[in-house]
Amino acid sequence: MSVDGTEFKITEPSPFNPVWFSHKFQGPGLRYELGIAIQTGWICWLAGPFPPGEFNDQEIFKLGLMNYLSPGEKVEVDDGYRGPIPIRPKSDFGGNDEWMKMKAEACARHKTVNRNLKEFGILGSRFHHSRHKHHLVVFAVTAIRQSEILDSRATYQIEYNIRRNQEIAM
């Protein structure tokens, strides 16, 4: 599976606390971790919310998904993850061009799914409701997007794109 974090804007909690500060938005936000199956494109993991000033992607991974992986199992991640954890960074492709292309496709598809979540107006702009209700909206929108993926409407298959690129090269 590919794993990456995504952030959403929220209104400034009162009293002010720097743990809610997102460097991505230069303001308050909430962070979630999203896992997408490489073979099917299905959303198979969602964890959060986490305050972005306290938890980076790697810390969230260590707290959650890492504990559910089988021995020897790894996940595909971007270069924001480091250290002795069960990951394969995007930059690690072993010199194989096809492997590198597949990793790039998995990363692009993941970013597409992240963007699709934010296309819902309530998540695409600053969330003006209680931050304690934010996860309910994120989980509901994720379920809607997953149903679209099951209907082959929200994302694309990586294997299809690689096969198509191989046919073009021939």
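These exercises work through the fold, strand pairing and side-chain contacts of one predicted model.

Residues are numbered from 1 along each chain as its sequence is written, and side-chain values use heavy atoms, with hydrogens and water left out. Because the model is predicted, local features need pLDDT of at least 70 and side-chain atom pairs count only at pLDDT 80 or more, while totals for chains, interfaces and linings use all residues.

**Exercise 1. The overall fold**

State how many helices and strands the chain has, and give their pattern along the sequence.

Solution.
- Step 1: set the rule. Helices (H or I, at least four residues) and strands (E, at least two) are DSSP runs, numbered from the N terminus.
- Step 2: count. The chain has five helices and six strands.
- Step 3: read along the sequence. The pattern is β-β-β-β-α-β-β-α-α-α-α.
- Step 4: check burial. Of the 170 residues, 44% are buried (under 20% relative accessible area; exposed is over 50%, partly exposed in between; 1.4 Å probe, protein chains only).
- Step 5: check contacts (heavy atoms within 4.5 Å). Among those with a separation of 6 or more, 59% join residues 24 or more positions apart.
- Step 6: take the surface. About 9500 Å² is exposed, and carbon and sulfur atoms supply 55% of it (Shrake-Rupley method, 1.4 Å probe; for residues, only the protein chains shown count as cover).

**Exercise 2. Strands around β3**

Find the strands that pair with β3, and give the sense of each pairing.

Solution.
- Step 1: apply the pairing rule. DSSP must find at least two bridges between two strands.
- Step 2: take β1. This strand runs antiparallel to β3, and eight bridges join them. G5 stands opposite E33 in β3.
- Step 3: look at the cover of β1. Seven of its eight residues are buried, so β1 is largely enclosed by the rest of the structure.
- Step 4: take β4 (residues 43–50). Five bridges pair β4 with β3, again in the antiparallel sense. R31 faces F50 in β4.
- Step 5: inspect the turn. Six residues lie between the strands of the β3 and β4 hairpin, and G41 there takes a positive phi near 85 degrees.

**Exercise 3. Salt bridges**

Count the salt bridges, then describe the pairs K111 with D4, R31 with D57, and E148 with R145.

Solution.
- Step 1: define the pair. A side-chain nitrogen of Lys or Arg must lie within 4 Å of a carboxyl oxygen of Asp or Glu.
- Step 2: count. The whole structure holds seven salt bridges.
- Step 3: take K111 and D4. Their closest N and O atoms are 2.6 Å apart. K111 lies in helix α2 (residues 97–118) and D4 in strand β1 (residues 2–9), so the pair ties together parts 107 residues apart in sequence. K111 is partly exposed at 39%. D4 is buried at 5%.
- Step 4: take R31 and D57. The closest N and O atoms are 3.8 Å apart. R31 sits in strand β3 (residues 27–36) and D57 in helix α1 (residues 57–63), so this pair links parts 26 residues apart in sequence. Both R31 and D57 are buried.
- Step 5: take E148 and R145. The N to O distance is 2.5 Å. These residues are three apart in helix α4 (residues 134–150), about one helical turn. E148 is buried at 16%, and R145 is buried at 10%.
- Step 6: extend the last pair. Shared partners join R115, E119, R145 and E148 into one network of salt bridges.

**Exercise 4. The ring of F8**

Classify the ring pair of F8 and Y32, and name the residue that lies over the face of F8.

Solution.
- Step 1: recall the ring rule. Rings of Phe, Tyr and Trp (its six-membered ring) pair if their centres lie within 6.5 Å; planes under 30 degrees apart are stacked, over 60 edge-to-face, and the rest tilted.
- Step 2: count. There are three aromatic pairs.
- Step 3: classify. The F8 and Y32 centres are 5.6 Å apart and the planes meet at 75 degrees, so the pair is edge-to-face.
- Step 4: locate. F8 is in strand β1 and Y32 in strand β3, so the pair ties together parts 24 residues apart in sequence.
- Step 5: check burial. F8 is buried at 1% relative accessibility. Y32 is buried, with a relative accessible area of 1%.
- Step 6: find the charge. K118 lies over the face of F8, 5.3 Å from the ring centre (NZ of Lys or CZ of Arg within 6 Å of the centre and within 35 degrees of the ring normal).
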